[in-house]
Amino acid sequence: LSVASVEDPVVMSKIRQNLREKHARHIADLRAYYDSEIQSLKQQLESSHRTASSEDLEKINQSLADRCDQLDAALNEASARIKALENKNNLLEKQVADWRERFYAISNTSKVLQERLEEMRTTHKEKDNTISRLKSRLKELEEAFEKAYKLSDNKNTRLQEENKMFQNLLGEYESLGKEHERVKDTLNTTENKLLDANTEISDLKRTILKLEAQLKQVEHENTLKLRH
């Protein structure tokens, strides 16, 4: 049976009808065959009654009885076979019904799986697009990182140079600080000396004033002595 035949109930109904008709023709053929055999035997029996003797009739009767037994056995066998075929036909019809249900279930499952497959393809396509965007972004970040690394190298070089300049300035500052301390000490010493000098000058001025006063007094005395 093809998939279309299993799916189409009209086709299955025709198949079952053809099987029934075939079995019916087979049974009719068997009945016709056995009826013709029985009719032929009857004719032989009637003709033998007319022509044969009693011994011959007994032999014919025995032969006919054996033949009837054979025909009965064959008829019983044929009936059993027909019944077995009918049972098998019923079993096949049940199996066909089960297969149809299984086919419908499998078809529904196939549709669901097809839909899931389409969803997965769509999701996979979206993921591919996302991966492509992420790769582009990663490339941009790598380029930016490379530029930043180069700038960092230049910056480190500048920082080293600035650090060196700072160390030089720090050395100069320390030298200037030491020089400033020396100048400060010298200035303090000079201020102390200046203070001492100012004190000495003040003392000298007072001494000069005293001497000038004494000189004026002496000159006055000399003038008086000269006048005297």
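The following questions and answers concern a predicted model of one chain.

Trainee: Which pattern does the chain follow along the sequence?
Mentor: The chain has three helices and zero strands. Read from start to end, the pattern is therefore made of helices alone, with strands counted as DSSP runs of at least two residues. That pattern is α-α-α.

Trainee: Is the chain a compact globule or more spread out, and what is its radius of gyration?
Mentor: The C-alpha trace spans about 240 × 30 × 25 Å along its principal axes. For 228 residues the globule rule gives 17 Å, and the chain lies well over that, so it is more spread out than a compact globule. Its radius of gyration is 72 Å.

Trainee: What percentage of the residues in the chain is buried?
Mentor: The chain exposes about 19,900 Å², and carbon and sulfur atoms supply 55% of that area. To count as buried, a residue needs a relative accessible area under 20%. Of the 228 residues, the buried ones make up 7%.

Trainee: Among contacts with a separation of 6 or more, what share comes from residues 24 or more positions apart?
Mentor: A contact here means heavy atoms within 4.5 Å. Taking the contacts in the chain with a separation of 6 or more, the share from residues 24 or more positions apart is 65%.

Trainee: Which helix supplies the largest share of the largest nonpolar core?
Mentor: That core has seven residues: L30, Y34, L41, L64, L71, A78 and I82. Both α2 (9-51) and α3 supply at least two residues of this core. The largest share is four residues, and it comes from α3.

Trainee: Which residues does L71 touch, leaving out those up to four places away in sequence?
Mentor: L71 is one of the residues of the largest nonpolar core, as are Y34 and L41. Two of its contacts are these core residues, Y34 and L41. With the remaining one added, the list is Y34, E37 and L41.

Trainee: How far apart are the N and O atoms in the salt bridge of E118 and R121?
Mentor: E118 and R121 are three residues apart in helix α3, which means about one helical turn separates them. E118 is partly exposed at 37% relative accessible area, and R121 is partly exposed at 49%. Their side chains meet in a salt bridge, for which the cut-off is 4 Å. The N to O distance is 3.4 Å.

Trainee: Which residue forms a salt bridge with E140?
Mentor: The partner sits three residues from E140 in helix α3, about one helical turn away. E140 counts as partly exposed at 44% relative accessibility, and the partner is partly exposed at 47%. The closest N and O atoms are 3.5 Å apart, and the partner is R137.

Trainee: How far apart are the closest N and O atoms of R182 and E179?
Mentor: R182 and E179 both lie in helix α3, three residues apart. R182 is partly exposed at 46% relative accessibility, and E179 is partly exposed at 36%. The pair forms a salt bridge, one of four found in a search of the whole structure. Its closest N and O atoms are apart by 2.0 Å.

Trainee: What accessible area do F166, L170 and Y173 have together?
Mentor: In soluble globular proteins, nonpolar side chains tend to be buried together. Y173, in helix α3 (residues 54-227), is instead exposed, with a relative accessible area of 60%. F166, L170 and Y173 form a nonpolar patch on the surface, and their accessible area together is about 340 Å².

Conventions. Residues are numbered from 1 along each chain as its sequence is written. This is a predicted model: local features need pLDDT of at least 70, side-chain atom pairs count only at pLDDT 80 or more; totals for chains, interfaces and linings use all residues. Side-chain values use heavy atoms; hydrogens and water are left out. Patches are made of residues with over 30% relative accessible area and no salt bridge: like charges are joined within 9 Å, nonpolar side chains (Val, Leu, Ile, Met, Phe, Trp, Tyr) within 5 Å. Accessible areas come from the Shrake-Rupley method with a 1.4 Å probe; for residues, only the protein chains shown count as cover. Buried means under 20% relative accessible area, exposed over 50%, partly exposed in between (1.4 Å probe, protein chains only). The radius of gyration is taken over C-alpha atoms; the globule rule is 2.2 Å times the number of residues to the power 0.38. A nonpolar core is a set of buried Ala, Val, Leu, Ile, Met, Phe, Trp, Tyr and Cys residues joined through side-chain atoms within 4.5 Å.
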